[in-house]
Amino acid sequence: MRRFDRGFWIAVGLLAAVAVADRLLPPPAMPDYSVQVFDRRGELLGASLTADDKWRLRTRLDHVSPELLRAVVAKEDRWFFFHRGVNPFAVARALWGNVVAGRRASGASTITMQLARLLEPDRRTYAVKLREMLRALQLEIRYSKREILESYISLLPMGGNIEGVSSASWIYFNRPPEKLSLAQAVALSVIPNNPNRLRLDRSSGPVQQEARRWLRRFGNEGVFSPADIATAIGEDFTVARSAPPRRAPHFTLVAQERRSAATDLVHTTLDPAVQDAAEQLLFNHVQRVLADGVRNGAVLVIDNDSMTVAAWCGSSDFHDVLRHGQVDGVRAVRSPGSTLKPFLYARAFDEGVLTPRMRLLDIPGDFGGYIPENYDATFSGDVSVREALLRSLNVPAVRELARQGTGQFVSWLTSAGFATIARTREKLGLSLILGGCGVTLEELTRATSMFARGGDLASLRLMAGTRALSGATESDREAGARAMCSAGAAWLVTDILSGHERPDLPADLRATSRLPRFAWKTGTSYGKRDAWAVGWNARYTIGVWMGNFTGEGAPHLSGAEMAVPLLVDIFDAIDERIEAHIIPRPTTVAKRDVCARTGLLPSERCEHLVQDWYIRNVSSRRRCDLQRPFILRADRGIHYCMDCVPDSGTVEEWYPVPDPELAMWYDEHRVSQRRPPPHNPACTVRGSGDGPRILSPSPDYTYLLERGAEQQILLQAASGAGVRTLYWYVNGKLEAETGNGGKVFVAPEGTTLRITCMDDAGRKSAVTVRIQYY
C-alpha cells in the first residue's frame, strides 16, 4: 500500500512538473497563414502572401485527397493515430541503429515532432531532439490529432516560398489538393524531404523519380492497390509554376479587408455562375464601347432575399494596367446623376403629399441663384409625378427637394448608408438630387434594393454564414433590416420605373419584343462623365456604372445609351425565371378615380377622370379646385369680387385657375388657356385671398454681393387670375411697377431688405432678404 502511495505521488508530481513547464515554456504559436477567400460553393477565389512573403495556405483535411493523407502518414508516421506525440519503440530502434552505425542513420521523428521542428527550427542534435519530444507532448495536450495533422500538412516546406500541400497543389499543379492524382499526391509528399533539390518548378524529373521509388514501396507494403500503383507509376506530368487562383480580384481584396481578423479562411456569398456571367458581359460591353471613348465599367449584383453579394466586378479587366483596371469601380466615389430621384419621390409618397398622377411644376425657377434645367433644356409646364420620374426631369425634382428640405433628405440618405454624402453634408445643396454629390456603386445599389424588399434596407453581406445561403429564411431576411419607406411607396416607385414609355429605353430594345421585365433608373453626371443604371426585380438588384476612371467625359456617355444595355444583358443571363420575379403589389396600395388634369380627387366640375394608385390612409384626399366660379358682368367684359358685385346684370361662369407660376409661364410661352376677364377697375375695396407669390428674391438664402460693383437683385412674382399689375416696395418705398410675372432689377442698400409685392386687387406678400458684402 505504501508502495502504491509513493507511485501515486510520483505520478502527481510528474504531472504537476509537466503542467508548470508547459505554462512556463509554452510551445511556439502557429504562424500566420495566407488569407484565402472562397465563393459560396467553397471554391477558392484567391489568396494572399503572408507578412513574411510566403504562400502558406491553411489546409483542411476535408479538402485534401485521401491518397495524399494516406501517403503522408504511411511515409512519415504510420503509428501517428496511436501514440501521444513520441513513439518510444521508434526512438529505441533509432538509438540502437545510430549506435551500431556510428552515425545518425534514423531520426524516429513522429509527425507531431516534425511539426514541433517546423514551428521551432534548429540544428539537428540530441538536445534539440529531446526538446522536440517535449514540444510534441505539449502539442498533443493542446491539439487534437486532426488539428496536428492539418497544421503539419499546411507547413511542410515545398520549395522556395511555398509551404503546405494546398499552396504546392495550386502553384505546381493549378488545382485544389482534393483533386490531385495519386502520382501528384505522392510527388508532394516527397518534396519536404529535400525541398531545395526536389523543386518541381525547376525540374520535374528528380521529383518523379523519387515519387516512383516511394510508389513501389507503397505497393510492396499494401498502402495502395497494385492497379493504382501501376497507373501512378506510368503517369508523367510537366509543371509550370503559377500563382493560386485570382478570380473576382476586386471582391477578393474587399473580402480580405472586411474579414474578421481572427480568420484566414474567408467564406463569402459570391455566386461563381453569376460572377462569371457578369464579368464576361462587362468585358464584352466595354470592348464594344471603346471606340466611343468609354474604357471602364463596374457591376454589382445583390441577392435581395439574403442581402448578399452575388457578383462584384470592379472593372472589366483587373490586369489591364493601361486602362487602370485595378481601380475598384464598385467602391469609387462618383457623381450619381439622377439616380437619387426615386428615393425623393418615395418619401413624398409616404408623406401623403404626392401620388403618381398628381401634377408637378416643370417651369424655370430661381432657387437663390441656382436655376436648374432639364436634360433636354426644355420645359413642359406641369407634368405628373409618374412622367417626372420616368423622364427623369430635373426641375420638378429640385422643386420637390426644396419642399422637403435638403437637410432632411440628406439625413435620410445618411441613414440609408450613403457614407460619402454624410461626410460632405455641409457642402450639399439642391443640386445633390441632380448628381451634385458623391456616392459609390455599392452604396447606391444597396440602397436601391429597398424597393425590391418592401421598403426594408439591410446591411450588405459579403461573408457566408454557417450554413448555405440558398436556404435563407424569413428571419435571415429581416435580421438587421430597417424600414426606410413603406411597402406602398416602394411599390409605387417600382411600378412607375417598370414602364417602357421612357426616354432611357435604348432604341434597339424599342424595336423588339425583348423589353426589360424589371424596374430601373438611369443617371448621367454633369459633363457626361458617369453613366448609371440600377435595376431590380424580386430576386436581384443590379447596379451598373460606365465611364472612365480618369474622369474624362464622352459624347455618348449616358445611362440610357451605355449602362442600360448591359443591365438588360445581365438580367437576361443570370435570372432564367425573370418573368416569375415580379414584385407583388402590397394590400396597402389601391386604385381610385382622380381628375385627369390635376391628379386630385375629382370635384363635380372635373369632366375627365383617370385611375391612380394611392396608399390607403396615407395619400392626400385633397379635392380638385382647378375650376373656380367667377361673377361676370352680363357682357362678360369684367369680373366682380364679393365686395363690388352689383345687385343685377351678372352671370356666373367657371374658369380654370392654375398655379400663379404656371399661369405666368403659360403667358410667356403663349400657351392657350381659358381665362376670366379682368377685375372690376372701379372696385375700391382691397381684395381678399393670397397675395402674389414672390419668386425672387428668396428668403431662404443670403445674397453675396461684391461691394462697389453695383450688382442688382431680381424682383419677380406671380399672382392669380385676372391680375394685370404688380407693385414692388423695398423697405416701404415704392420701387417699381410690373405686369404679372414681369421682371425688374433693383440695387439693394443695407444688409436687410423688406420686400413687399402688392397686386392690383390690393393683396400683399412680403419677404425679408439678407445681404452680405465682400
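Reader: What does buried mean for a residue in this predicted model?
Author: The word rests on relative accessible area. The model is a predicted one. A residue counts as buried when that area is under 20%.

Reader: Is Arg56 buried or exposed?
Author: Take the cut-off of 20% for buried residues. Arg56 has a relative accessible area of 5%. Therefore Arg56 is buried.

Reader: Which residue forms a salt bridge with Arg56?
Author: Side chains of opposite charge can pair when their charged atoms come close. Here the closest N and O atoms are 2.9 Å apart. The partner is partly exposed, at 42% relative accessibility. The partner of Arg56 is Asp52.

Reader: Which residues join Asp52 and Arg56 in one network?
Author: Some salt bridges share partners. Such sharing links Asp52 and Arg56 to two further residues, Lys54 and Glu163.

Reader: How many residues apart are Arg403 and Glu351?
Author: These two form a salt bridge, with the closest N and O atoms 2.8 Å apart. Arg403 lies in helix 15 and Glu351 in helix 13, so the pair links distant parts of the chain. Their separation is 52 residues.

Reader: Which residue forms a salt bridge with Arg331?
Author: Arg331 is partly exposed, with a relative accessible area of 30%. Its partner counts as buried, at 10%. The closest N and O atoms are 3.4 Å apart. That partner is Asp328.

Reader: How far apart in space are Pro364 and Trp665?
Author: Pro364 sits in the loop between strand 8 and strand 9. Pro364 touches Trp665, though the two are 301 residues apart in sequence. C-alpha to C-alpha, they are 8.5 Å apart.

Key:
Residues numbered from 1 in each chain as written. Predicted model: local features only at pLDDT ≥ 70, side-chain atom pairs only at ≥ 80, totals over all residues. Heavy atoms only, no water. Helix = DSSP H or I, 4+ residues; strand = E, 2+ residues; numbered from the N terminus. Contact = heavy atoms within 4.5 Å. Salt bridge = Lys/Arg side-chain N within 4 Å of Asp/Glu carboxyl O. Buried < 20%, exposed > 50% of the residue type's maximum accessible area, 1.4 Å probe, protein only. Lists of a residue's contacts leave out its neighbours within four places in sequence.
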